[in-house]
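Biologist: I have the sequence and the model open, and I would like to go through them with you one question at a time. Let's start as soon as the view is up.

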Amino acid sequence: MMGASKLNAHSGLMQLGVVVIGITLLCGCSSVSSLFFGPKTRVWVNNNLYPGTDMFLHCKSKDDDLGVHQIAYDTGYSWSFHDDFFDRTKFVCDIWWFDPNNGGKLVNGTDLNIYKSYRDITECGHKCFRFVKPDGVYFLAFQKMELKYPWPKQ
């Protein structure tokens, strides 16, 4: 009698564990460090401004703040993550730099949707490339460069 009781309690804990794991996978999160089944997505943001011109990048999602990064000309910054189950993962970035051809004037873009899973999963799959140029931020989509975010007129 005692053995059956322990078996039922063990079975109940196993079922509860399966339910908790299932709910976690269904809810998902965009956390860079989250566990999820399937391929990770990687986003690259490249500095294609002017030789000798650094840019600054600050990206975040609702779960992760990637911090501020100073990126030298002709280099980039990348990060990887798992999209959430419902393709709601989004990373917004602030990008700024000082234009050497305009007296060192600050150029900046804020809250740029650098990655939105429901848009980008079809445009770039799990490898998304962004290029910061003197006229704005370009996305490589379907093997074509597209100006997504021109710099605000100053």
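## Disulfides, charges and strands

Biologist: What is the angle about the S-S bond in the right-handed link of C59 and C93?
Modeller: C59 and C93 are joined by a disulfide (a pair of cysteine sulfur atoms within 2.5 Å), S to S 1.9 Å. This link is right-handed, and the angle about its S-S bond is 110°.

Biologist: Good start! Which pLDDT do local features need here?
Modeller: Residues are numbered from 1 along each chain as its sequence is written, and side-chain values use heavy atoms, with hydrogens and water left out. This is a predicted model, where side-chain atom pairs count only at pLDDT 80 or more and totals for chains, interfaces and linings use all residues, while local features need pLDDT of at least 70.

Biologist: How many residues apart are C59 and C93?
Modeller: The S to S distance in the disulfide of C59 and C93 is 1.9 Å. The pair links distant parts of the chain, with C59 in strand β2 and C93 in strand β5. Strands here are DSSP runs of E with at least two residues, helices are runs of H or I with at least four, and both are numbered from the N terminus. The separation of C59 and C93 is 34 residues.

Biologist: Why does C93 count as buried?
Modeller: Buried means under 20% relative accessible area, exposed means over 50%, and partly exposed is in between, with a 1.4 Å probe and protein chains only. Its disulfide partner C59 is buried at 1%. C93 counts as buried because its relative accessible area is 0%.

Biologist: Which pattern do the disulfides of the protein chain follow?
Modeller: A search of the whole structure finds two disulfides. Besides the link of C59 and C93, there is one between C124 and C128, both of them buried, with sulfur atoms 1.9 Å apart. That link is right-handed too, with 70° about the S-S bond. Counting bonded cysteines along the chain, the pattern is 1-2, 3-4.

Biologist: Now the charges. How far is D83 from R88, the nearest side chain of opposite charge?
Modeller: D83 is found in the loop between β4 (76–81) and β5 (90–99). Lys and Arg count as positive and Asp and Glu as negative, while His and the chain ends are not counted. D83 is buried yet has no salt bridge, that is, no Lys or Arg side-chain nitrogen within 4 Å of a carboxyl oxygen of Asp or Glu. The distance from D83 to R88 is 9.9 Å.

Biologist: Which side chain makes a polar contact of 3.0 Å with that of D83?
Modeller: A polar contact is a pair of N or O atoms within 3.5 Å; within protein, one must be able to donate a hydrogen and the other to accept it, and residues adjacent in sequence count only if both atoms are side-chain atoms. The side chain of D83 makes one with the side chain of T41 at 3.2 Å. At 3.0 Å, the partner of D83 is Y115.

Biologist: Which residue meets R88 in a salt bridge?
Modeller: R88 is partly exposed, with a relative accessible area of 46%. Its salt-bridge partner is buried at 3%. The N to O distance is 2.8 Å, and the partner is D84.

Biologist: How far apart in sequence are the parts that D120 and R130 tie together?
Modeller: The side chains of D120 and R130 meet in a salt bridge of 3.0 Å, N to O. D120 lies in helix α2 (residues 117–123) and R130 in strand β7, so the pair ties together parts of the chain whose separation is 10 residues.

Biologist: Which strand pairs with β7 in the parallel sense?
Modeller: Two strands pair if DSSP finds at least two bridges between them. β7 (residues 127–133) pairs in the antiparallel sense with β8 (residues 136–141) over four bridges, and the two form a hairpin with two residues between them. The parallel pairing of β7 runs over six bridges, and the partner is β1.

Biologist: Last one: why is M55 called buried?
Modeller: M55 sits in strand β2 (residues 55–60). Leaving aside neighbours within four places in sequence, its contacts (heavy atoms within 4.5 Å) include V45, L49, I71, W96 and V132. M55 is called buried because its relative accessible area is 0%.
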